[in-house]
Amino acid sequence: MSVNITPLTQRPAWKALEEHYQKIRTLHLRTLFDEDPRRGERFATEAVGMYFDYSKNRITEETMRLLQQLAESSGLQERIDAMFMGEKINVTEQRAVLHVALRAPRDQSIIVDGENVVPQVHAVLDKMADFSNQVRSGTWKGYTGKRIRNIVNIGIGGSDLGPHMAYEALKYYSDRGLVLCFVSNVDGNEFVESTRDLDPAETLFIVSSKTFTTQETLTNAHSARAWCVQALGNEQAVAKHFVAVSTNTEEVEKFGIDTKNMFEFWDWVGGRYSYDSAIGLSLMIAIGPERFREMLAGFHAMDEHFRTTPFERNLPVLLGLIGIWYNNFFGAQTVAILPYDHYLGFLSAYLQQLDMESNGKHVDLEGRKVDYQTGPIIWGQPGTNGQHAFYQLIHQGTKLIPCDFIGFYQPLNKLKPHHDLLMANFFAQTEALAFGKTAEEVAADGVATFQVPHRTFEGNRPTNTILMERLTPETLGKLIALYEHKVFVQGTIWHINSFDQWGVELGKVLANRIIPELESTDEPRLTHDSSTNTLIRRYRKLRGEPS
């Protein structure tokens, strides 16, 4: 679905925002809070158990009104409806975009090409649940009759980042009798280190590849196969130690995996939106089917909120519009994701792919080059570690870095006084970033005159605050869906396709061309540029014996 609309920068709503920006761009958050004692309450909203405070942003009511007009002029509601109805809004690949179907209740109907896909989704979930219960209970045994104790997920991109992030996030709920490892990098060091201390007789590999031809994944899978067969002494061991998440029955069977142990997913699910599908099999084994379904319920709650709530109270819409404000009018180029929870250590890496692979585009839906910034650079680290690393630049550097702070009222592990100290830092950082400390305030503390400039904080650094009760499977689902839909909102406004990723293809094509040049025993005829030719020759000369 491509909406025929006026180009973004020519729309009245965009021009109005440009004029508005010139009026308020120097306005300080100190002034905004001084003028409105209730600002912290008015610029906040709560839904589906999530409290969102956006008062510490350089915005006014007029800013938000104009941003909502921009969303309306972009056809955002129509685009939301089209996605949930299964229309093929991924125009370059002619596909529906239906990660929302992965968490739809059994009684819901979502039609793609004349067929309700929800029963298919639940059939796979039921199959995953049955298999997970077999592994967790010890009913599923390896080739030698030993119980499975190690799960190794082999994938790359969304087939790795999603389940890996979610496993770390929900580790508190996992079966600690199981060891989970994630192998994605084609660098052999990762495979060797991940399997070094594992017993092949107790190890199950989950190979996740839609086509079962992904170079990195299949290279790791074949190394895993050789490792397993060598240790267990029989090719037949593969059937008891490997399962597949794929759609390519022929290649799965050729590998030696029993196709009864192949778990399906669909072309209307992009990899970075897929960990709540069969791609999350490793996660389901770790936390159990019941917890996995709680997570899906959290996703669905946010989906419904996004689909039905007016823009002025819609959490993904508000988050997305505020991001547009800084990206396109203030010229901010990055967003820091700062979760104050150890278990969310992989969240920033996960959101990097979700956001940057989705909205890192330079042409619009009609293929025209855009004349505005699209996707921001996403980065971050859990608090309080980041405070002793990069917060210096956020507080006193020359770059404007909007930040999302994510925290929880209650800890999972009640270890006094840790959580109060953690959250004291959480609240203090957003306050310090917003209001800073003036030279006069620094001097009044008796600081030496020559130090005053160095210890002055300008403030006026924008933050969003997201608070939830505690980190559970359900709240994780809500949080990830919030960011999925935020990315969609921004992609819609930028009029780009957030659901293809052609930018990853060229490097793969060139790598396939270079592989035989590296493997050849004879000196190959190289036809690259002079730099690449020289680098290849140097590598061939100095690598020693080919691996």
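In which sense do strand E2 and strand E13 pair, and over how many bridges? Select residues 50–53 and residues 463–468 in this predicted model: strand E2 and strand E13 pair in the antiparallel sense, over 4 bridges. Within this pairing, Asp53 has Thr465 of E13 as its bridge partner. In general, the strands of a sheet pair through backbone hydrogen bonds, either parallel or antiparallel.

**The sheet**

Next, display the sheet to which these strands belong. It is an open sheet of 6 strands in the order E1-E2-E13-E12-E10-E11, with mixed pairing. At its edges are strand E1 (44–47) and strand E11 (377–380), each of which pairs on one side only. On average, neighbouring strands of this sheet are turned by 20 degrees against each other, direction ignored.

**Two helices on the sheet**

Now add residues 315–330, helix H14. This helix packs on the sheet and touches E1, E2, strand E12 (403–408) and E13. The direction of H14 makes about 25 degrees with that of E2.

Then select residues 418–435, helix H17, which packs on the sheet as well and touches E12 and E13. The direction of H17 makes about 155 degrees with that of E12. Helix H17 has 18 residues and reaches 26 Å from its first C-alpha to its last, close to the 26 Å expected at 1.5 Å a residue.

**The two sides of H17**

Colour the buried residues of H17: His419, Leu422, Met423, Phe426, Gln429, Thr430, Leu433 and Ala434. They lie on the same side of H17 because they cover an arc of only 125 degrees around the axis. The buried residues of H17 pack against helix H2 (29–35), helix H16 (391–396), E12 and E13. On the other side of H17, Asp420 and Leu421 are exposed. Just after the helix, Gly436 takes a positive phi of about 60 degrees.

**Aromatic pairs**

Finally, show the aromatic side chains; the whole structure contains 32 aromatic pairs. Select Tyr21 and Phe330, whose pair is edge-to-face, with 4.9 Å centre to centre and 80 degrees between the planes. Tyr21 lies in helix H1 (residues 12–24) and Phe330 in helix H14, so the pair ties together parts that are 309 residues apart in sequence. Are these rings buried or exposed? Buried means under 20% relative accessible area. Tyr21, at 15% relative accessibility, therefore counts as buried, and Phe330, at 15% relative accessibility, counts as buried too.

To end the tour, extend the selection to the cluster that ring pairs form from Trp14, Tyr21, Trp325, Tyr326, Phe329, Phe330 and Tyr372.

Conventions: Residues are numbered from 1 along each chain as its sequence is written. This is a predicted model: local features need pLDDT of at least 70, side-chain atom pairs count only at pLDDT 80 or more; totals for chains, interfaces and linings use all residues. Side-chain values use heavy atoms; hydrogens and water are left out. Two strands pair if DSSP finds at least two bridges between them. Axes are lines fitted to C-alpha atoms, for helices over the stretch in contact, and angles run from 0 to 180 degrees between N-to-C directions. Contact means heavy atoms within 4.5 Å. The expected span of a helix is 1.5 Å times one less than its number of residues. Buried means under 20% relative accessible area, exposed over 50%, partly exposed in between (1.4 Å probe, protein chains only). The arc is that of the directions from the helix axis to the C-beta atoms. Rings of Phe, Tyr and Trp (its six-membered ring) pair if their centres lie within 6.5 Å; planes under 30 degrees apart count as stacked, over 60 as edge-to-face and the rest as tilted.
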